[in-house]
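Please look at the sequence and the model together while reading this report. It moves from charged pairs to strands, and then to a pocket.

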Amino acid sequence: MSSSARLQRMNHGSQFRAFSLRGDQYSKPIDPLLGVDHAWISGPTFPPHPHAGFSAVSYLFPDSETGIDNRDSLGNRNLIQPGGLHWTAAGQGIVHEEVPAEPGKTVHMLQIFINLPEQKQDEAPFALSLEAQDVPVIYRSGAKIRVPLGSFEEAVSPLTVPTEVRLLDISLEAGSEVAISVPEGHIAFVMPIDGEISVDGQPFDLAEPKAAVDLPQSADRIVTLAAKKGNAKAVMFSGVPLNQPVFWQGPMALASADALAKAVSGYQRGAFGRLQAAN
């Protein structure tokens, strides 16, 4: 099965490009995720915008040239450093903004949109941060695996999050491979990040924008990633599917049309709050 991924190529002077995977076309293979952007951002791209009903998660790769200046209508403002992660659980509604910290430098990141269980979609919003030095790391022969969300073998992320998901940032040296077990009950998929990554023998890279979203659901639940043509990098996501409806309007996604209408009305009335003036 091919994914809904598409590559938006950067034209001269553009500030944003992304390899994007969207769950509105292939919902089952990536549920509870709604979408992922593997993005390169070199300037202010998104003005202050609302979210409701899901979590907006930013993960910066360690090779990012700069960080992200992150702020929200709860009064939070922080710098997401390369290698760090920030989780915004929008719940009943929040206003959010992210801007590269240093002009002229490129942020290399994942923008991840993770659904909230329906019973949590009307809860108050909150934010969680994980510093780069606090991300657990597993080393295997020719492989480095960062674990910003969830757990892998003896590595456990310190974040407790409202949706059960796992994110593995996997770097492989040329000629190496690693076997990744998928947690029971999880649906898993893999996005290539750099070089050519082989997923259970099938090659993936950024030259042809697709992701491995049809991973085996067998009892052993083992996925093998290999770097057969030089160094390679990939991210592996997994999570417990929520199997609930998704009603979209712009950057809001809720489990019913009535809940979506309530969120839109709340934002229009100013119930999501406002960003404080930037210094």
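Is Asp37 buried or exposed? With a relative accessibility of 5%, Asp37 counts as buried, where buried means under 20% relative accessible area, exposed means over 50%, and partly exposed lies in between (1.4 Å probe, protein chains only). The model is predicted, so local features need pLDDT of at least 70 and side-chain atom pairs count only at pLDDT 80 or more, while totals for chains, interfaces and linings use all residues. Residues are numbered from 1 along each chain as its sequence is written, and side-chain values use heavy atoms, with hydrogens and water left out.

**Salt bridges**

Side chains of opposite charge can pair when their charged atoms come close. The structure holds nine salt bridges, a salt bridge being a side-chain nitrogen of Lys or Arg within 4 Å of a carboxyl oxygen of Asp or Glu. Three of them are set out here.

| Salt bridge | N to O distance |
|---|---|
| Arg22 and Asp37 | 2.9 Å |
| Asp122 and Lys262 | 3.5 Å |
| Glu196 and Lys229 | 3.9 Å |

In the pair of Arg22 and Asp37, Arg22 lies in strand E2 (residues 16-22) and Asp37 in strand E3 (residues 33-41), so the salt bridge ties together parts that are 15 residues apart in sequence. Helices (H or I, at least four residues) and strands (E, at least two) are DSSP runs, numbered from the N terminus.

Asp122 and Lys262 form a salt bridge that links distant parts of the chain, since Asp122 sits in the loop between strand E10 (107-115) and strand E11 (126-130), whereas Lys262 belongs to helix H2 (residues 257-268), 140 residues apart. Asp122 is partly exposed at 46% relative accessibility, and Lys262 is exposed at 52%.

Glu196 is partly exposed at 21% relative accessibility, and its partner Lys229 is exposed, with a relative accessible area of 66%. Elsewhere, salt bridges that share partners join Arg140, Glu153 and Glu154 into one network.

**Strand E10 and its neighbours**

Nine of the nine residues of E10 are buried, so this strand is largely enclosed by the rest of the structure. On one side of E10 the buried residues are Val107, Met109, Gln111, Phe113 and Asn115, and on the other they are His108, Leu110, Ile112 and Ile114, which leaves both faces covered.

Two strands pair if DSSP finds at least two bridges between them. E3 and E10 run antiparallel and are joined by eight bridges, and Asp37, already met in a salt bridge with Arg22, has Gln111 as its bridge partner in E10. Strand E5 (residues 54-60) also pairs with E10 in the antiparallel sense, over seven bridges, and here Leu60 has Met109 as its partner.

**The second largest pocket**

A pocket is, on a 1 Å grid over the protein atoms alone, an open set of points where a 1.4 Å probe fits, with protein on both sides within 12 Å along at least five of seven lines, and its lining residues have an atom within 4 Å of a point. The second largest pocket holds about 300 Å³ of space, a volume being the space filled by probe spheres set on the points, with grid points joined across faces, edges and corners.

Of the 16 residues that line this pocket, Gln92, Gln121, Asp122, Lys262 and Ala263 lie nearest its centre. Asp122 and Lys262 are thus salt-bridge partners as well as lining residues. Helix H2 gives the largest share of the lining, four residues.
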